[in-house]
Amino acid sequence: MNLFSPEILLALFLGSLYGALFGSIPGLTATLAISLAIPFLLFAGPEVALAALIAISATAIFAGDIGSVLVRLPGTPASAAYTEEIHEVAQKRSPSFALGLSALPSAVGSLIGLLLLVVGSLGLVWLARQFSSFEYFWLVLLGILSGVLAATHALKALVAFCLGMLLATVGYDPALGHPRFTFGRPELLGGINFIVALIAFFGVSEVLEYLYRKGLRAEAPPTSLAASFRAYFLEPLIEAWRLRGALLRSSLLGTFVGFLPGAGSDIAAWITSNLARLKKASREEVVLSGTSANNSAVAGAWIPAMALGLPGDTLTAILLGMFLAFGITPGPDLFKNHASLVFQIYWAFLVVSVLLMPLVGYLSTFLVRAILQVPREVLMAVVLALCAVGAYAVNNNPFDLYLLTALGALGFVLRRGGFPLGQVVLGMVLGPLLEQHFMTSMIKTHWDLTSFFERPLAVLLALLNLGLLVVLPWLRYRQALRLRVLEERLHPGE
């Protein structure tokens, strides 16, 4: 079937709209969107089904930024990595500019991920296969250190991260199978659902913050079509060209993180946005780094899926099941036996990246403009209702509503105390991974700590962690010293 056949073009367009809808609503994830679509796509044939799934997964990751722009409520875990920055950009410049700064770097990141998917699959997969639990431990620790040290107040960020990691320990121990911190409640045996916590910390706490401060309305977006077009397309393009080095670095790093099994777009967004914060980058660069990385990770996750039949994340695990349902075995034989299908996948990624993602993003600016005309009190009531519906929809468990209330109140208290909520979420994302890879390494080496320094790649990652831990505080000290000297020159004798 030709890529430009009406069936495939319709599948790409409808899949993009469907993915954008799910991505923008908290609690309705890209994984859920694909899961609900599979029963219908199984009757559509492999070309149409895979085209639709590519469109759904790519646009759902991007659309998570819509809620962040509107009310500081990320629609996806990947968007939580830079929620504060993109909301501040929307307040300072305009919502159209913020959405353009999300959509266009997302498209570029997806294109770079596609390029590596086409030309470097086998080589990149070889590198990924060198990663064991030891390398994963050091990689996760690198993401944690960069996230904590990048914060303005490192001590508060560390406390917030530890709190998030503590929340993530509720439930069964993944290594030993013992229940932890359940307080005799069977509902907590499965742990605190991450999506529920995400909605509580960024959604409910935002409503409580508004009630406490009687928050100001967002700035009015551009009123004319020409102004909206300029704010969405031209200004972000100029900004992306100015930050082209950061855009390229984040896209390459996002692709690398994406094809590591079990990593995914959310970890890619956290690592790249934290690295941007480490260098005291502007809010625009933090947003650009995170958005380009999370979409390049989507394409990167297809590298091990297509070349080796190994899922890079949950989405590609579902997609591998689709391959098998159509009688197609992913792996090295895929390129030999189904070359036309492989090229269909490449072209579908290209169309989604170049055309549909920017188009869907531009259409969303009109939706945002309409929503911002709604009175803030009504908007916050709708947000609170969506939080409750989204949290309940995750597991259909009424107990999650109690968790939503408690964690939302905790998030409000943390915000009042100046503790960054992003680091709490970082602890819930990376904390379990750090524990899992540490325990796996210890069990298979009989608690020999020296095994973390026996493999060359593990030693290299350990040195990167050490360098980050030593160099960054020293640079901050030098910066504070220079500012103090400058202040003394400007105000002598004070």
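## Salt bridges, core and loops of a predicted model

Arg-283 and Glu-88 join their side chains in a salt bridge, with 2.4 Å from N to O (a salt bridge being a side-chain nitrogen of Lys or Arg within 4 Å of a carboxyl oxygen of Asp or Glu). Arg-283 belongs to helix α13 (residues 283–307) and Glu-88 to helix α4, so this pair ties together parts that are 195 residues apart in sequence. Arg-283 counts as partly exposed at 37% relative accessibility, and Glu-88 counts as partly exposed at 30%. Here, buried means under 20% relative accessible area, exposed means over 50%, and partly exposed lies in between, using a 1.4 Å probe and protein chains only.

A word on reading the values: this is a predicted model, in which local features need pLDDT of at least 70 and side-chain atom pairs count only at pLDDT 80 or more, while totals for chains, interfaces and linings use all residues. Residues are numbered from 1 along each chain as its sequence is written, and side-chain values use heavy atoms, with hydrogens and water left out.

**The chain as a whole.** The chain contains 20 helices and two strands; these elements are DSSP runs numbered from the N terminus, with helices being H or I of at least four residues and strands being E of at least two. Of the 494 residues in the chain, 55% are buried. Among contacts with a separation of 6 or more, 77% come from residues 24 or more positions apart, where contact means heavy atoms within 4.5 Å.

**More salt bridges.** The structure holds nine salt bridges in total, and three of the pairs are set out below.

| Salt bridge | N to O distance |
|---|---|
| Arg-283 and Glu-88 | 2.4 Å |
| Arg-180 and Glu-435 | 2.6 Å |
| Arg-242 and Glu-239 | 2.4 Å |

The side chains of Arg-180 and Glu-435 meet in a salt bridge. Since Arg-180 sits in strand β2 (residues 179–180) and Glu-435 in helix α19 (residues 421–444), the pair ties together parts that are 255 residues apart in sequence. Arg-180 counts as buried at 18% relative accessibility, and Glu-435 is buried with a relative accessible area of 19%.

Arg-242 and Glu-239 are three residues apart in helix α10 (residues 225–242), which means that about one helical turn separates them. Arg-242 counts as exposed at 51% relative accessibility, whereas Glu-239 is buried with a relative accessible area of 9%. Elsewhere, Arg-93, Glu-235 and Glu-284 are joined into one network by salt bridges that share partners.

**How α4 meets α5.** Two packed helices are described by the angle between their axes and the distance between the axes. Helix α4 (residues 83–92) packs with helix α5 (residues 95–119) at an angle of about 140 degrees, and their axes are 6 Å apart. That makes α4 oblique to α5. The axes are lines fitted to C-alpha atoms, for helices over the stretch in contact, and angles run from 0 to 180 degrees between N-to-C directions. Angles under 35 degrees count as roughly parallel, over 145 as roughly antiparallel, 65 to 115 as roughly perpendicular and the rest as oblique.

From α4, Ile-86, Val-89 and Ala-90 meet Pro-95, Phe-97, Ala-98, Leu-101 and Ser-102 of α5. The residues of this contact divide into seven nonpolar, one polar and no charged; Ala, Val, Leu, Ile, Met, Phe, Trp, Tyr, Cys and Pro count as nonpolar, Asp, Glu, Lys and Arg as charged, and the others, Gly among them, as polar.

**The nonpolar core.** The largest nonpolar core (a set of buried Ala, Val, Leu, Ile, Met, Phe, Trp, Tyr and Cys residues joined through side-chain atoms within 4.5 Å) has 143 residues, and those with the most contacts inside it are Leu-12, Ile-192, Phe-201, Trp-302 and Phe-349. Helix α3 (residues 46–71) gives the most to this core, with 18 residues. Leaving aside neighbours within four places in sequence, Leu-12 is in contact with Ala-51, Ala-55, Ala-348, Val-351, Val-352 and Leu-356.

Ala-305 in helix α13 is buried, with a relative accessible area of 3%. The C-alpha atoms of Ala-305 and Leu-319 are separated by 8.6 Å, the two residues being 14 apart along the chain.

**Two loop residues to look at.** Most residues other than glycine have a negative phi. His-446, in the loop between α19 and α20 (456–490), has a positive phi near 55 degrees. Trp-447, in the loop between α19 and α20, has a positive phi near 60 degrees. His-446 is exposed, with a relative accessible area of 70%, and Trp-447 counts as exposed at 54% relative accessibility.
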